[in-house]
There are 2 protein chains.
Amino acid sequence: MSVTTTSTAAISAAAAADDALRTPTDVATLADRLGRLADQAGRIGADAILIAPGADMRYFVGHSVGSHERFSCLAVTPDGRARLLVPLLERPGWAGTPVERLDLQISTWKDGEDPYSALTALLPAGVTGLAVDDYLPAMHAIGMRDALPGSRLALVGAAIGELRMRKDAAEVAALAAVGAAIDRVQRRIGEWLRPGRTEHEVAADITEALVQEGHSGADFVIVGSGPNGASPHHEASDRVIQQGDPVVIDIGGPSPAGYFSDCTRTYSVGAPADPEFGRVYEIVRTAQAAGVAAAVAGATCASADAAARTVIERAGYGEYFVTRTGHGIGLEVHEHPYLVAGNEQPLEPGMTFSVEPGIYLPGRFGVRIEDIVVVDEAGAPRLLNNCPTELTIVGDGTE
Amino acid sequence: MSVTTTSTAAISAAAAADDALRTPTDVATLADRLGRLADQAGRIGADAILIAPGADMRYFVGHSVGSHERFSCLAVTPDGRARLLVPLLERPGWAGTPVERLDLQISTWKDGEDPYSALTALLPAGVTGLAVDDYLPAMHAIGMRDALPGSRLALVGAAIGELRMRKDAAEVAALAAVGAAIDRVQRRIGEWLRPGRTEHEVAADITEALVQEGHSGADFVIVGSGPNGASPHHEASDRVIQQGDPVVIDIGGPSPAGYFSDCTRTYSVGAPADPEFGRVYEIVRTAQAAGVAAAVAGATCASADAAARTVIERAGYGEYFVTRTGHGIGLEVHEHPYLVAGNEQPLEPGMTFSVEPGIYLPGRFGVRIEDIVVVDEAGAPRLLNNCPTELTIVGDGTE
């Protein structure tokens, strides 16, 4: 998974017109989130919460920089104070960002210094309970533990998930905008998906189109043709697409504002060669609709998973549906809440997640259909992807 | 930092002819490395070493797959046994890789199951000392700690660094090949770097050229024009390049075999506008040569750093050299050994690292010159980049 950031493709009129692709989070919202993070510190009994570069940092301070092995960290204490420690050489990258308009102390450390001691010096005396970001590399988590005698590590991910998984109206609008952007790409698949081309060639065109339709880059471009579609996380290969192939196209990326799209459609290149394909396709389509319909406020994540899964199991393909039904989405492509067996989290208005059942027949083909759904104010599921789920046949010379 | 993987650019004749860009590590070497990792477990007193997806995993088993929040782990015990736990849906991505030819148990876990219990069940009874990969996300490190009552976490990074920082002949050949590839790109900079173009436009062309010259993608493309060059980790922006601008071009990416290039040159677009630029350039060039010359077997990392730094300090620019002098390079762009004050690690034959002093004048410009160096069998520094370090003036209409 990677983000392409250097394309110079011109963006489409639809993308240019949609401000919600670009609207940054306002500083008052960020300040409110930081306050709620400090409240979480108190709630979970942490003396300090340590946030790593990435989506969590962007969520709370509107920006994230952080490279490789050098330690960058946002530290928040129950008293509501926040401080940001960054490597000196990365300090210029924070200039002009919302961080400078927040009530936040920014400190730096320099190559050759010990960054863990530097952060320890910024924390109140007596800190021992460290709640660390789920994605903080172990080297930094353990570095901080060892710099604070008697300290112990716990995870803050669930507590942050409590905040991030409930989107406000601006976040839902941002996800709807990037959902419309990926829909525009899916509607153009027939321009590129033809027999005789390799998966890589098709993926390169799609990558370009993601930017044209309003993404800041492509994060993943899965082109799973024929048997490759039976591997859910196959990306793209030099396989030449054949007449009659089913092709799984699972694509997404961030908007300039940082919110992700993620949409899958399964196409047929000409009339399907495998006689079982049509039946499998309709089972997945029915399962996906059932999963969406079940995603109402008050239902649990597990029950939405079960709604889609039951359709596939009853049709006799249960053993070929090898994944959970969905994942939350926002500033990350995978985040809380996860639609998976055992997750008794109730769905609430403002939660956004994928519904993406599939059937994967090893050595033959795969079918997956995926939309992003938001639970609306009335508690009903609303689709943030709106390209058709009916089977689309491409590359038969009619485009 | 990101890797672009979907380009369809045709590769150059020089890239096509250089097999060292593509040669995979042979299985016997991987097996030997796994054996030495097990020895390290014994040496550091770890009951189990847990390796995360990424460069460490590629180093030991020749392949790495692993996405997002799902747990994938290579676990090695002092008895020499290795096992790989991966999510069921990613298992197809391991088919046909060297892992299947190693003496290695591959197990899977499925969405909805607890992966930490699954790995615990694969380990010998009584494991409490866990040595975890530096880059293992905290959620997985703490997940394993909590799944093994009484266990404690330590870092394995230094012990792995002992292995990875000493390259064998095949690794040095791989780094030389990708070094030659990035040299070919640097020699072509005049094709793209001209007044009136944006940094982003130049970066897009360079990204394409990295693939043409033999990289599997671009990992970083820094185009720091004018004042942007004063931020060492600036990437690229919409700034329009001006006549007279100094421009820092710091670029690199992995070869298909997985070894990284990293080379910086600073160009002038036409005659330099800032009267101090020529003097600063020559100081950096002298410092860089001094750093390379000091990188002999038996010298320490700190002494090589000091050799470059002293030149800049004596010239009166010490406060503007805000980074360490260099970093190791191999399957990662930054790895052990680091050329930084305080690092008393002696240099040895087979070590490979950057030498990249710079002077960064805020609001004005930056100058950085960077080559990759290997300490050869005779203990002398050998450059793996060989494009000229003399100032190159581009975009003055003579190309």
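Among the contacts in chain A that link residues at least 6 apart in sequence, 66% join residues at least 24 apart, and it should be kept in mind from the outset that this is a predicted model. The chain that makes these contacts has 10 helices and 17 strands. Its radius of gyration is 23 Å, close to the 21 Å that the globule rule gives for 399 residues, so chain A is as compact as a globular protein of that length. Along its principal axes, the C-alpha trace of chain A spans about 70 × 45 × 35 Å.

Turning from the overall dimensions to the interior and the surface, buried residues account for 59% of the 399 residues in chain A, where buried stands for a relative accessible area under 20%. The accessible surface of chain A amounts to about 13,700 Å², and 53% of that area belongs to carbon and sulfur atoms. As for charge, chain A carries 31 positive and 52 negative charges, and the mean positions of these two sets are 2 Å apart.

The model also holds a second copy, chain B, which can be laid on chain A with an RMSD of 0.0 Å by a turn of 180 degrees together with a shift of 0.0 Å along the axis. That is the relation of a two-fold axis. Where the copies touch, 100% of the interface residues of chain B are also interface residues in chain A, so the two copies meet through the same surface.

Technical notes. Residues numbered from 1 in each chain as written. Chains lettered and ligands numbered in written order. Predicted model: local features only at pLDDT ≥ 70, side-chain atom pairs only at ≥ 80, totals over all residues. Heavy atoms only, no water. Helix = DSSP H or I, 4+ residues; strand = E, 2+ residues; numbered from the N terminus. Rg over C-alpha atoms; globule rule 2.2 N^0.38 Å. Buried < 20%, exposed > 50% of the residue type's maximum accessible area, 1.4 Å probe, protein only. Contact = heavy atoms within 4.5 Å. Areas by Shrake-Rupley, 256 points an atom, 1.4 Å probe, with all protein chains shown as cover. Lys, Arg positive; Asp, Glu negative; His and termini not counted. Charge placed at Lys NZ, Arg CZ, Asp CG, Glu CD. Least-squares fit on C-alpha atoms with pLDDT ≥ 70 in both.
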